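Q: Can we go through this one together? I'd like to start with the rings and then look at a couple of single residues.

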Amino acid sequence: INYDFPLDRDTYLHRVGRAGRFNTRGLAVNFLLAEGEDDKVLADVQNGFKVKIAEMPSEIDPVKYV
């Protein structure tokens with residue numbers, strides 16, 4: 001869980017890279033400021049790693065993460 005969103009793409013990778021290991025799927029929860037620098041870093045993460053970080057769904061299937 002990132003209560004304070006990382007300041008750059010490499011720090012984000014370092015933090016969430018530990019979420020999924022040993023052939024398991026990881027889950028990262030990020031809290032972002034409504035306005036500010038978080039938007040820029042989020043865009044950099046998504047563009048740099050070719051991923052889409054979606055809003056948290058209302059329900060999460062825990063079976064996917066074991």
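**Rings and contacts**

A: Sure. This is a predicted model. To begin, Arg9 sits over the face of Phe49, 5.7 Å from the ring centre.

Q: How many aromatic pairs does a search of the whole structure find?
A: The search finds two aromatic pairs. One of them is Tyr3 with Phe31, whose ring centres are 5.3 Å apart and whose planes differ by 5 degrees.

Q: What do you call that arrangement of Tyr3 and Phe31?
A: The pair is stacked, because planes under 30 degrees apart count as stacked.

Q: Where do Tyr3 and Phe31 lie?
A: Tyr3 is in the segment before α1 (9-16), and Phe31 is in the loop between α1 and α2 (37-49), so the pair ties together parts that are 28 residues apart in sequence.

Q: Is Tyr3 buried or exposed?
A: Tyr3 is exposed, at 60% relative accessible area. Its partner Phe31 is partly exposed, at 43%.

Q: And Phe5 with Tyr12: what is the geometry of those rings?
A: The ring centres of Phe5 and Tyr12 are 5.6 Å apart and the planes are at 45 degrees, so this pair is tilted.

Q: Why give both a distance and an angle?
A: Because a pair of aromatic rings is described by the distance of the centres and the angle of the planes.

Q: Are Phe5 and Tyr12 buried or exposed?
A: Both Phe5 and Tyr12 are buried.

Q: New topic. Where is Asn2?
A: Asn2 is in the segment before α1.

Q: Why does Asn2 count as buried?
A: Its relative accessible area is 7%, and buried means under 20%.

Q: Which side chain does Asn2 join through a polar contact?
A: That of Asn30, with a polar contact of 2.6 Å between the two side chains.

Q: What else is Asn2 in contact with, leaving aside neighbours within four places in sequence?
A: Besides Asn30, the residues in contact with Asn2 are Tyr12, Arg15, Val16, Val29 and Phe31. Phe31 is the residue that stacks with Tyr3, and Tyr12 is in the tilted pair with Phe5.

Q: Last one, Ala19. Where is that?
A: Ala19 is in the loop between α1 and α2. With 36% relative accessibility, Ala19 counts as partly exposed.

Q: Which residues does Ala19 touch, not counting those up to four places away in sequence?
A: Ala19 touches Arg25, Gly26 and Leu27.

Q: What separates the C-alpha atoms of Ala19 and Ser58?
A: A distance of 20 Å separates them, and the two residues are 39 residues apart along the chain.

Key: Residues numbered from 1 in each chain as written. Predicted model: local features only at pLDDT ≥ 70, side-chain atom pairs only at ≥ 80, totals over all residues. Heavy atoms only, no water. Phe/Tyr/Trp six-rings, centres within 6.5 Å; stacked < 30°, edge-to-face > 60°. Helix = DSSP H or I, 4+ residues; strand = E, 2+ residues; numbered from the N terminus. Buried < 20%, exposed > 50% of the residue type's maximum accessible area, 1.4 Å probe, protein only. Lys NZ or Arg CZ within 6 Å of the ring centre and 35° of its normal. Polar contact = N/O pair within 3.5 Å; in protein donor to acceptor, adjacent residues only side chain to side chain. Contact = heavy atoms within 4.5 Å.
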